[in-house]
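Here are some notes for a colleague who is meeting this structure for the first time. They deal with aromatic rings and with a patch on the surface.

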Amino acid sequence: MKKINSPADLAINGASPAFSEKLHVGRPNMGDKNEFLKYVEDIFESKWLSNNGPLVQQLEQRIAQHHRVKHCVAMSNGTVALEIAIRALELKGEVIIPSYTFIATAHALHWQAITPVFADIDAGTHCLDPESVRKMITPNTSGIIGVHLWGHAAPVEELQNIADEHNLKLMFDAAHAFGNSHKGKIMGNFGEAEVLSFHATKLFNTFEGGAVLTNNDELAKKMRLMRNFGFGGVDNVIYPGTNGKLTEICAAMGLVNMDNLDSVIEHNKSNYLAYQRGLERLPGISIFRFDEAQKNNYQYVVMEVDEACPVSRDDIVKALHAENILARKYFWPGCHNMKPYKLLFPHAGMLLPNTQAISERVIVLPTGTNLNIDEINTITTVIRTLLISHDEP
């Protein structure tokens, strides 16, 4: 890595990039290779590759125990898990969600002919604003999907009160919140169900996968049928279903990564604290903070750029990209501004001022076990040097 002592050392000013290889926001956290290969040997011996195999069952049990929830229903990916949970809850008509989320939250509804209705977020938490949710309720509303963004809990109590008051179903997209807690209770225990993603770049991965967590026995039974074509036994289809099963090889990766989970979280926290130290007292720059009274996975390092910053958010991103630091403008520009939904709801942004503002301020920075403190110090030095160069008279 190069030394950065002045603006002349920045790649946007003609210097060589700080990193020869591109640093992504997230790269896979991977457990012990030899332990994984032991599971692979077991798979070859058993010749059981899919269809609710023993490793899938073991992984479900461990994840359920980790989240202190009754049921974990593993799926092929997080989007299928969302779709199956939505269908199992019999949502229809309109469902209220934030626009400030990954597009899969909206797609999982739209693919099932359900209209995603975008509510605004709280500018402080980046999660759904309950008052905005109330304003979006119509006679066609059947449910609410809250998102625990960055692992920070959505306003679960307020949303549950709204759901109860209007006889709506409430579930959560918990893709960012594996193992996190809210008021001492682990995610997975709120609403009717909570959906996890085990995508390769998530805190915890199974190569690709997902799951639904629930304490509802009947809902869990229904989702287990749905993920396997509705088979209630050999040659006995008792429910319309699909193919949402997790494979044994993916479960093997998950079991190895469960063993490695604590060290990944410890590494993430160390990265998060290094970013805090490196970016403190910079004008217009703040790091989204975790509630240290709760369990956190520190999966995302989120930087906000406000009006006091001498450099725009987009120019900071350009400067970082020039150094091969591939910071991202999550979740810009918001689902409501993506083509499929922009065409359906061209004026949605008028009711989403906080979503619009936050989507123009956020930068998500690289982290994870593939990144070390020296590399983070280089990233923060790039940002500091860029700001100082623009702040000089």
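**Notes on the aromatic side chains**

1. F345 is partly exposed in this predicted model, where its relative accessible area comes to 25%. F118, with which F345 forms an aromatic pair, counts as buried at 5% relative accessibility, because buried means under 20% relative accessible area.

2. The pair of F118 and F345 is edge-to-face, with 6.2 Å from centre to centre and an angle of 85° between the planes. F118 belongs to strand 4 (residues 115-119), while F345 sits in the loop between helix 11 (339-344) and helix 12 (353-359), so the contact ties together parts that lie 227 residues apart in sequence.

3. The count of aromatic pairs comes to 15. Ring pairs also link a cluster that is made up of Y100, W150, Y300, Y330 and F331, and a reader may wish to find these residues in the structure shown above.

4. A charged side chain should be looked at together with the rings, since K329 lies over the face of W332, at 4.0 Å from the ring centre.

5. On the surface, F229, F231 and V237 form a nonpolar patch, and together these residues have about 260 Å² of accessible area. Of this patch, F231 is found in the loop between helix 7 (217-226) and helix 8 (248-259), and at 36% relative accessibility F231 counts as partly exposed, because that class lies between the 20% limit for buried and the 50% limit for exposed.

Methods: Residues numbered from 1 in each chain as written. Predicted model: local features only at pLDDT ≥ 70, side-chain atom pairs only at ≥ 80, totals over all residues. Heavy atoms only, no water. Phe/Tyr/Trp six-rings, centres within 6.5 Å; stacked < 30°, edge-to-face > 60°. Helix = DSSP H or I, 4+ residues; strand = E, 2+ residues; numbered from the N terminus. Buried < 20%, exposed > 50% of the residue type's maximum accessible area, 1.4 Å probe, protein only. Lys NZ or Arg CZ within 6 Å of the ring centre and 35° of its normal. Patch = residues over 30% accessible without salt bridge, like charges linked within 9 Å, V, L, I, M, F, W, Y side chains within 5 Å. Areas by Shrake-Rupley, 256 points an atom, 1.4 Å probe, with all protein chains shown as cover. Salt bridge = Lys/Arg side-chain N within 4 Å of Asp/Glu carboxyl O.
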